[in-house]
Amino acid sequence: MVIAKAWVLKKHFDGFPKTSDFDLKEIELPNLKDGELLLASVFLSVDPYMRPYSRRLMKEGDIMIGTQVARIVESKNPAFAVGAFVVCDRGWRTHFISDGKDLRLLPSSWPESLPKSLALGTVGMPGLTAYFGLLEVCKMKPGETVLVNAAAGAVGSVVGQLAKIGGCKVVGCAGSDDKVAYLKKLGFDEAFNYKTVKSLDEALSKASPDGYDCFFDNVGGEFASVAINQMKKYGRIAVCGAISEYNDSVPQKGPYVQYPMIFKELQMEGFLVTRWNHRREEGLNALLKWVVEGKVKYHEQVTEGFENMPMAFIGMLKGENIGKAVVKV
């Protein structure tokens with residue numbers, strides 16, 4: 001008999017999430033039936049999307065949504081061997097039972113030396129978000145200038161590196177001097193701390209006096225309102241996230257976008273990475289190849305202990321992480 005631990009949403013978030021909004025439960029798992037597997041979570045992901053999606057998809061008492069890398073500990077399914085590692089979306093829990101249909105094996109070419117937690121970050125959903133957002137939404141071309149905010153995060157750090165691989169000039173901004181130093185280390189052409197500049201408008205203009213062809217927006221809010229005026233004619237904006245707005249109790253009121261959209265003939269498109277699920281393998285193989293070759297570097301903020309899931313989630317929303325935030329069970 002296996003006792004699983006799971007974090008549930010005790011109370012819907014009001015403003016910034018608090019540890020008291022979560023509750024740790026124990027669940028007794030039944031014995032396996034034919035065709036089933038028992039899995040143990042090894043790494044769990046904490047991501048910005050969990051904040052708005054918790055309100056859209058969950059009710060109080062539900063297990064928190066999320067993705068993990070899990071190891072198969074018992075199998076009555078001939079398609080899955082004990083000891084194999086998979087990626088799945090089973091939320092914040094230590095153990096669970098599956099029929100195998102919701103499991104994605106790590107790519108067969110995954111090197112033993114590479115942390116398996118990268119399947120939650122650079123070679124996972126955040127990496128794919130950067131890959132398809134740049135190629136299919138921004139449609140970046142060599143020689144163009146790409147702007148990305150939250151640039152030291154799980155998605156932004158990959159966006160900047162892929163843009164450099166694609167022959168673009170890259171400008172990134174982040175919320176601390178340590179993060180800016182990290183961006184420079186990754187090869188960003190320009191990087192600045194948006195919290196310490198006197199004028200965001202001036203900082204953006206100084207970093208690229210001719211403006212921006214592509215803007216990969218992870219932040220929304222005031223930053224996006226300022227940046228849109230720095231776009232070049234026919235510029236493209238990929239709206240990936242709005243982390244500056246996720247914890248607002250009262251919606252922000254910003255300038256209207258129609259003027260710059262019209263007179264600069266801009267394209268602005270929101271997207272969810274699931275649109276390209278049919279090309280998932282293509283994206284993962286490309287990202288894995290670049291990581292192995294050293295062309296895409298990564299940094300993980302690893303929190304030890306399943307009991308610290310809420311703390312890791314809240315810290316990520318506060319911007320305490322450089323690169324991908326994960327929890328090691």
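Me: Where in this predicted model is I262 placed, and is I262 buried or exposed?

Reply: In this predicted model, I262 has its place in helix α7, which covers residues 258-263. The general idea is that a residue with over 50% relative accessible area counts as exposed. I262 has a relative accessible area of 54%, and therefore I262 is exposed.

Me: Which residues make a nonpolar surface patch with I262?

Reply: Y259 and F263 join I262 in making a nonpolar surface patch, and the area of this patch is about 410 Å².

Me: How should I read a pocket, and what is the volume of the second largest pocket?

Reply: A pocket can be read through its volume, the residues that line it, and the elements that supply them. The second largest pocket here has a volume of about 320 Å³. Its lining has 19 residues, and those closest to the centre of the pocket are G220, G221, A224, S225 and E245.

Me: Which elements each supply at least two residues of that lining, and which one gives the largest share?

Reply: The strands β11 (212-217) and β12 (231-239), together with the helix α6 (221-227), each supply at least two residues of the lining of the second largest pocket. The largest share comes from α6, with 4 residues. By residue kind, the lining of this pocket divides into 9 nonpolar, 6 polar and 4 charged residues.

Me: Is A224 buried or exposed, and where is its place?

Reply: A224 is placed in helix α6. Residues under 20% relative accessible area count as buried, and because A224 has a relative accessibility of 18%, A224 is buried. Distance along the chain and distance in space can also be set side by side: A224 and G124 are 100 residues apart in sequence, and their C-alpha atoms are 26 Å apart in space.

Me: What can be said about V250 in the same way?

Reply: V250 lies in the loop between β12 and α7, and with a relative accessible area of 65%, V250 is exposed. Between V250 and S225, which are 25 residues apart along the chain, the C-alpha separation is 18 Å.

Me: How many cavities of 30 Å³ or more does a search of the whole structure find, and which residues line the largest cavity?

Reply: A cavity differs from a pocket in that a probe fits inside but cannot get out. The search of the whole structure finds 1 cavity of 30 Å³ or more, and the largest cavity has a volume of about 40 Å³. The residues lining the largest cavity are T122, A154, S157, Y182, Y298, H299, G323 and K324, and they divide into 3 nonpolar, 4 polar and 1 charged.

Definitions and conventions
Residues are numbered from 1 along each chain as its sequence is written. This is a predicted model: local features need pLDDT of at least 70, side-chain atom pairs count only at pLDDT 80 or more; totals for chains, interfaces and linings use all residues. Side-chain values use heavy atoms; hydrogens and water are left out. Patches are made of residues with over 30% relative accessible area and no salt bridge: like charges are joined within 9 Å, nonpolar side chains (Val, Leu, Ile, Met, Phe, Trp, Tyr) within 5 Å. Accessible areas come from the Shrake-Rupley method with a 1.4 Å probe; for residues, only the protein chains shown count as cover. A salt bridge is a side-chain nitrogen of Lys or Arg within 4 Å of a carboxyl oxygen of Asp or Glu. Buried means under 20% relative accessible area, exposed over 50%, partly exposed in between (1.4 Å probe, protein chains only). On a 1 Å grid over the protein atoms alone, a cavity is a set of points where a 1.4 Å probe fits but cannot get out, and a pocket is an open set with protein on both sides within 12 Å along at least five of seven lines; lining residues have an atom within 4 Å of a point. Grid points are joined across faces, edges and corners, and a volume is the space filled by probe spheres set on the points. Ala, Val, Leu, Ile, Met, Phe, Trp, Tyr, Cys and Pro count as nonpolar, Asp, Glu, Lys and Arg as charged, and the others, Gly among them, as polar.
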